[in-house]
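Here is a short tour of one protein chain, moving from its overall build to a pocket and then to two residues. Have the model open as you read along.

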Amino acid sequence: MRDRFYKVPGLTRHSSTPEDANRGEALIAGEKIGASAEHTGQGWWIPTMTLPARGTSNFHEIHQAAFDVGRPHSVCVNRNGVRFVDEATGYDSFGQAMVEDQLKTGANTPCWLVFDAAFRNKLALAG
């Protein structure tokens, strides 16, 4: 359904939705009986962060990063190293900016949170 409705399809493994959840069964059932749908190109846009799981080989955890971006001593950039968003914006606007930058540059999935030693020493990251 991501491929069908979103301008920039995303990988389900990057989602903060639990695995095998939110698959669109209600939308599919409605369409089967002729219902129309609106706003299917939008989602609950929230930045997430992929990190290796501690103590587990070959497994990555997904963390919501809404509270990690927008802090002092950090900036979000695309793969070209270009800042594309005011990091202090709301998480939904952050996600929309990611989509817009991907459509414009092709260099935003993934994007990167770059931070310095002051950030790392003073602030928690991804839980």
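## Layout of the chain

Starting at the N terminus, the elements of the protein chain follow the order α-α-β-β-β-α-β-α. That makes four helices and four strands. Please keep in mind that this is a predicted model.

The C-alpha trace spans about 55 × 35 × 20 Å along its principal axes. Among contacts with a separation of 6 or more, 55% join residues 24 or more positions apart. The chain has 127 residues, and 24% of them count as buried.

Turning to the surface, the accessible area of the protein chain is about 8,900 Å², and carbon and sulfur atoms contribute 51% of it. As for charge, there are 13 positive and 14 negative side chains, and the centres of these two sets are 4 Å apart.

## A pocket beside two strands

The second largest pocket holds about 240 Å³ of space. Which residues lie nearest its centre? They are L51, R54, H63, L125 and A126, out of eleven residues that line the second largest pocket. Strands β1 (48-52) and β2 (60-64) each give at least two residues to that lining.

## Two residues to look at

Let us visit L113 next, which sits in strand β4 (residues 112-115). Is L113 buried or exposed? With a relative accessible area of 18%, L113 is buried, because buried means under 20%. Setting aside neighbours within four places in sequence, L113 is in contact with M49, D68, V69, S74, V75, C76 and L125. One of these partners, L125, is also among the residues nearest the centre of the second largest pocket.

Q64 offers another stop, this time in strand β2. Its relative accessible area is 41%, so Q64 is partly exposed; that class covers values between the 20% limit for buried and the 50% limit for exposed.

Each of these two residues can also be paired with a residue elsewhere in the chain. The table gives the C-alpha to C-alpha distance for each pair, along with the spacing in sequence.

| Pair | Spacing in sequence | C-alpha to C-alpha distance |
|---|---|---|
| L113 and H39 | 74 residues | 29 Å |
| Q64 and K104 | 40 residues | 25 Å |

If you would like a place to begin in the viewer, try L113 in strand β4 and trace its contacts, including M49 and C76. From there, move on to strands β1 and β2, which both supply residues to the lining of the second largest pocket.

How values were computed:
Residues numbered from 1 in each chain as written. Predicted model: local features only at pLDDT ≥ 70, side-chain atom pairs only at ≥ 80, totals over all residues. Heavy atoms only, no water. Buried < 20%, exposed > 50% of the residue type's maximum accessible area, 1.4 Å probe, protein only. Contact = heavy atoms within 4.5 Å. Areas by Shrake-Rupley, 256 points an atom, 1.4 Å probe, with all protein chains shown as cover. Lys, Arg positive; Asp, Glu negative; His and termini not counted. Charge placed at Lys NZ, Arg CZ, Asp CG, Glu CD. 1 Å grid on protein atoms, 1.4 Å probe; cavity = no way out; pocket = protein on both sides within 12 Å on 5 of 7 lines; lining within 4 Å. Points joined across faces, edges and corners; volume = space filled by probe spheres on them.
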